[in-house]
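Dear colleague,

I am handing over the structure we spoke about, so that you can look through it in your own time. Please open it first, and then read my notes alongside it.

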Amino acid sequence: MSCADLIGHLFLARDVTHSTHLNTRSYAKHKALGGFYSKVIDLADDLAEAYQGRYGLIGPITLHSAKKTNNVVEFLEDSLKEIEEARKEYKDDSALQNIFDGIVDLYLSTLYKLKFLA
């Protein structure tokens, strides 16, 4: 997955979680998703800037559309799998791996809150 695709993937995760955040009746789910969508964009920005500092401009960001699902946990789990696969392309870049760690941490923390606290 190119960096432009990856950033677009994170933008999509932000949009899906924000939409679900606004439409849930669960306070715990509302808070968990609010934390996710407010933080994921900063991490996407960190990743894009670090990538461009090392490898040059990434060009236009690929904007993705969500597959139809009403299950935000399933969406985040699938999204996380794609991110963990994409990070392998940068396995020798410790600075990018550090940012990937923050992204994965955010996903896992949010999944925990959605699965066990909501």
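Below is what was found, beginning with the core and going on to one helix pair and one histidine.

Please keep in mind throughout that this is a predicted model.

The largest nonpolar core has 34 residues, and those touching the most other members are Leu10, Leu47, Leu76, Ile103 and Tyr107. Two or more residues of this core come from each of helix H1 (3–23), helix H2 (27–55), helix H3 (72–87) and helix H4 (94–116). If you would like one residue to start from, Leu76 is in contact with Thr17, Phe36, Tyr107, Thr110, Leu111 and Leu114, leaving aside residues up to four places away in sequence.

Turning to the helix pair, H3 and H4 pack with their axes 10 Å apart and at an angle of about 160°; because angles over 145 degrees count as roughly antiparallel, the two helices H3 and H4 are described in that way. Their crossing is left-handed, and by class the contact of H3 with H4 is made up of 12 nonpolar, 3 polar and 5 charged residues. On the H3 side the residues that meet H4 include Val72, Leu76, Leu80 and Ile83, while those on the H4 side include Phe100, Ile103, Tyr107 and Leu111.

Finally, is His21 buried or exposed? This histidine, which lies in helix H1, has a relative accessible area of 8% and is therefore buried, the cut-off being under 20%. Leaving aside residues up to four places away in sequence, His21 touches His30, Leu33, Gly34 and Tyr37.

With best wishes

Notes: Residues numbered from 1 in each chain as written. Predicted model: local features only at pLDDT ≥ 70, side-chain atom pairs only at ≥ 80, totals over all residues. Heavy atoms only, no water. Core = buried A, V, L, I, M, F, W, Y, C linked by side-chain atoms within 4.5 Å. Buried < 20%, exposed > 50% of the residue type's maximum accessible area, 1.4 Å probe, protein only. Helix = DSSP H or I, 4+ residues; strand = E, 2+ residues; numbered from the N terminus. Contact = heavy atoms within 4.5 Å. Axes fitted to C-alpha atoms, helices over the stretch in contact; angles between N-to-C directions. Parallel < 35°, antiparallel > 145°, perpendicular 65-115°, else oblique. Left-handed = near helix turned anticlockwise from the far one by under 90°. Nonpolar A, V, L, I, M, F, W, Y, C, P; charged D, E, K, R; others polar.
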